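Got the model open in your viewer? Let's walk through it one selection at a time, starting with the empty space inside.

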Amino acid sequence: MITLTTIADVRAACDAARAEGRRVGFVPTMGFFHEGHRSLMRAARADNDFVVVSLFVNPTQFGPGEDLAAYPRDLDGDRAAAEAEGVDALFLPTVDEMYPEGARTTVHVAGLTEGLCGASRPGHFDGVTTVVTKLFSIIGPSRAYFGRKDAQQLAVIRRMAADLDLPVEVVGCPLVREPDGLALSSRNTYLDADARQAATILSGALYMASEAVVRGQRDAAAIRQFVVDTIAQAPQVRLDYVEVVDAGTLEPVDHLTVDTLVALAAFVGKARLIDNVTITFPAGVPTPDLGVLTASSGPQEAEH
Ligand SMILES: Nc1ncnc2c1ncn2[C@@H]1O[C@H](COP(=O)(O)OP(=O)(O)OP(=O)(O)O)[C@@H](O)[C@H]1O
Ligand SMILES: [Mg+2]
């Protein structure tokens, strides 16, 4: 695995790979790798000839008062993990490399970025779409891999790629969970033991809500209220939002008839965590997709 820090060097490496007829797969990350990141690297490795992972804690997607300075970092561990997943190139730009003096351009996706996390993190998605556009332009991937933990981000990136005719296939990958259901996140490292225990209520509430849908519940307001009430039982958890939305447009739905995303964000201890479940309706039968549990989960799989 080569490590590159300049735009010129990573662009040259990707140009050289393409000149040999190799297809470039790309995984953008902020580092502190866990099994979620590694699952994206594996998917990219399986589908492409030259795999590039970027590791950039992008300051423009953090709001004032958010955790930019505290964001966890482990460059040696990340390098070893990427190497073990067969990554070809790790791109590690500095902030000055990505945002030189004088930059004035922002990519903004309207509508899809306003609700859910966009409402409580103004400007966050502009930071994401701008940096991802830059990274796509630098790396020129045939395919780029994003996790379904960040369901709104995936929808926004898909919309952006379509609207701007970007020549990249945006691939959504399953949400990876801890054995007890907690969605893996680099920010889970902020949780102390009590907060870590309390955080399981998030996936537990979503799991029970999706079971209610399987049993016949179709009223979005009732599902939303169930999740709110369930999480209210955990005093350490402060809900930011719970929304029941169309999985494609992210517009709120009243009645579940289409593929539906139940998405939430909550403050637990020092962390702001997100989670979601997608409920699809193939031939009228609702099927929840809560994601995948990590290999160590074993027989606990059904417990929530
Ligand atoms: N549990 C997960 N399952 C699948 N993909 C994930 C998971 N967590 C993160 N990803 C994906 O990894 C990519 C890089 O995300 P990022 O580096 O922000 O990690 P993160 O765990 O989301 O960190 P944080 O929660 O602090 O934002 C994104 O596409 C994200 O959706
Ligand atoms: Mg993230």
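Begin with the largest cavity, which has a volume of about 40 Å³. Bear in mind as you click around that this is a predicted model. A search of the whole structure turns up 1 cavity of 30 Å³ or more. To see its walls, select Leu182, Ala183, Ser185, Asn188, Leu202, Leu273, Ile274 and Asp275, the residues that line the largest cavity. Colour that lining by class and you get 5 nonpolar, 2 polar and 1 charged. Which element gives the most to this lining? Strand 10 does, with 3 residues.

Keep strand 10 on screen for the next stop, the second largest pocket. Helix 7 (151-163) and strand 10 (271-280) are the elements that give two or more residues to the lining of this pocket. Helix 7 gives the most, with 5 residues. The pocket's volume comes to about 340 Å³, and 18 residues line it. For a view of the middle, select Arg148, Ala151, Leu154, Ala155 and Ala247, which lie nearest the centre of the second largest pocket. By class, the lining of this pocket splits into 9 nonpolar, 5 polar and 4 charged residues.

Now follow helix 7 over to the sheet. Helix 7 packs on the sheet and touches strand 5 and strand 6. Show the helix 7 and strand 6 directions together: the angle between them is about 170°. Strand 5 (residues 143-147) pairs with strand 6 in the parallel sense, over 5 bridges. To see one of the partnerships, pick Gly147 and look across to strand 6, where its bridge partner is Cys173.

Time to zoom out to the sheet as a whole. What order do the strands of this open sheet follow? There are 6 strands, in the order 1-4-3-2-5-6, and the pairing is parallel. Select strand 1 (2-4) and strand 6 (169-173) to find the edges: each has a single partner strand, so one side of each is left without a neighbour in the sheet. Turn the view along the sheet to look at the twist, which averages 25° from one strand to the next.

Next, select strand 2 (24-29). Is strand 2 largely enclosed or left open? Count its residues: 6 of the 6 are buried, so strand 2 is largely enclosed by the rest of the structure. Switch on side chains to see the two faces. Val24, Phe26 and Pro28 point one way from strand 2, Gly25, Val27 and Thr29 point the other way, and all are buried.

From there, bring in strand 3 (50-55). Strand 2 and strand 3 pair in the parallel sense, over 6 bridges. Phe26 is a handy marker here, as it stands opposite Val52 in strand 3. Then add helix 6 (residues 124-139), which lies across strand 2, strand 3, strand 4 (89-91) and strand 5. Helix 6 runs at about 150° to strand 2.

Last stop: a glycine in a loop. Where is Gly111? Look in the loop between helix 4 (95-98) and helix 5 (117-120). Gly111 is partly exposed, with a relative accessible area of 41%. Finish by drawing a distance from the C-alpha of Gly111 to the C-alpha of Thr249: these two residues are 138 residues apart along the chain, and the atoms are separated by 9.0 Å.

Key
Residues numbered from 1 in each chain as written. Chains lettered and ligands numbered in written order. Predicted model: local features only at pLDDT ≥ 70, side-chain atom pairs only at ≥ 80, totals over all residues. Heavy atoms only, no water. 1 Å grid on protein atoms, 1.4 Å probe; cavity = no way out; pocket = protein on both sides within 12 Å on 5 of 7 lines; lining within 4 Å. Points joined across faces, edges and corners; volume = space filled by probe spheres on them. Helix = DSSP H or I, 4+ residues; strand = E, 2+ residues; numbered from the N terminus. Nonpolar A, V, L, I, M, F, W, Y, C, P; charged D, E, K, R; others polar. Pairing = 2+ DSSP bridges. Axes fitted to C-alpha atoms, helices over the stretch in contact; angles between N-to-C directions. Contact = heavy atoms within 4.5 Å. Buried < 20%, exposed > 50% of the residue type's maximum accessible area, 1.4 Å probe, protein only.
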